[in-house]
Amino acid sequence: MRALRRRDAAFIREQVTGPSMTPMVDVTLVILIFFMATATVAGREWLFPVTPEAPTEAAPEPAPSGLGVPSPIIELSLSVVDGQTVCSGAQLRAITIENLAGALGRVLAGVDTSSLTFVIVPEDGVPYEAVVRARAAVKTAGVETVGLR
């Protein structure tokens, strides 16, 4: 009867095949918790509010043209109206970010954009994502020199 039911340590070691999974599971859970904690901290960086304390990029200095006349600087104001970011400036009034590239393309049709300088001026409370999208829209319209104030 004793031969049928062996419960000593040597018999148990003989039945265990392969490595123990417990250390691997422990390490995997620690790594998972680390990445989850890191992702929550990094997730808040997607929408920085633009405040006076935030680092800003200086507006580019206007380059003089061949006649000594400085290139025109056009300010594009960003503000939040009813929870939506709108742009004003460059003959535009309350244009949404989604429509900005098309509206600028129509306004700048036939204009030499190589001498233009756009400066984006966001008001307090404008999400940083809107600033980036406005800059991309201005670049899409053909303006190469874009600053941020």
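**Gly 142, the sheet and helix 4**

Q: Which residue follows helix 4 and has a positive phi?
A: Helices (H or I, at least four residues) and strands (E, at least two) are DSSP runs, numbered from the N terminus. Helix 4 is followed by a residue whose phi is positive, near 105 degrees. That residue is Gly 142.

Q: What pLDDT do local features need in this predicted model?
A: Residues are numbered from 1 along each chain as its sequence is written, and side-chain values use heavy atoms, with hydrogens and water left out. The model is predicted: totals for chains, interfaces and linings use all residues, side-chain atom pairs count only at pLDDT 80 or more, and local features need pLDDT of at least 70.

Q: In what order do the elements of the protein chain run from the N terminus?
A: The chain comes to four helices and five strands. From the N terminus on, the order is α-α-β-β-β-α-β-α-β.

Q: In what order do the five strands lie in the sheet?
A: Strands count as paired if DSSP finds at least two bridges between them. The sheet is open and its pairing is mixed. The order is 3-2-1-4-5.

Q: Which are the edge strands?
A: An edge strand here pairs on one side only. That holds for strand 3 (92–96) and strand 5 (145–148).

Q: What is the average twist from one strand to the next?
A: Angles run from 0 to 180 degrees between N-to-C directions, along lines fitted to C-alpha atoms, for helices over the stretch in contact. The strand-to-strand twist averages 25 degrees.

Q: How many bridges join strand 1 to strand 4?
A: Strand 1 covers residues 73–81 and strand 4 covers residues 117–122. The two run parallel, with Leu 78 opposite Pro 122. The count is six bridges.

Q: Which residue of strand 2 stands opposite Val 81?
A: Strand 1 and strand 2 pair in the antiparallel sense over five bridges. They form a hairpin with two residues between them. Opposite Val 81 stands Gln 84.

Q: Which residue in the turn between strand 2 and strand 3 has a positive phi?
A: These strands pair antiparallel over three bridges, with Cys 87 opposite Ile 95. They form a hairpin with two residues between them. The turn residue with a phi of about 55 degrees is Ala 90.

Q: What angle does helix 4 make with strand 4?
A: Helix 4 (residues 128–140) lies across strand 1, strand 2, strand 4 and strand 5. Its angle to strand 4 is about 160 degrees.

Q: How many residues does helix 4 give to the largest nonpolar core?
A: A nonpolar core is a set of buried Ala, Val, Leu, Ile, Met, Phe, Trp, Tyr and Cys residues joined through side-chain atoms within 4.5 Å. The largest has 25 residues, and those with the most contacts inside it include Leu 78, Leu 100 and Val 138. Strand 1, strand 3, helix 3, strand 4, helix 4 and strand 5 each give two or more. Helix 4 gives the most, with five residues.

Q: Which residues does Val 138 touch?
A: Contact means heavy atoms within 4.5 Å. Residues up to four places away in sequence are not counted. Val 138 then touches Leu 76, Leu 104, Phe 118, Val 143 and Val 146.

Q: How far does helix 4 reach from its first C-alpha to its last?
A: Helix 4 has 13 residues. The expected span is 1.5 Å times one less than the number of residues, here 18 Å. The helix is close to that, reaching 18 Å.

Q: Within what arc do the buried residues of helix 4 fall?
A: Buried means under 20% relative accessible area, exposed over 50%, partly exposed in between (1.4 Å probe, protein chains only). The buried residues are Ala 130, Val 131, Ala 134, Ala 137 and Val 138. The arc is that of the directions from the helix axis to the C-beta atoms. These residues line one face of the helix because, seen down its axis, they fall within 125 degrees.

Q: Is Asp 82 buried or exposed?
A: Asp 82 lies in the loop between strand 1 and strand 2. Its phi is positive, about 55 degrees, although it is not a glycine. At 81% relative accessibility, Asp 82 counts as exposed.

Q: What is the relative accessible area of Ala 94?
A: Ala 94 lies in strand 3. It is not a glycine, yet its phi is positive, about 50 degrees. Ala 94 is exposed, with a relative accessible area of 52%.
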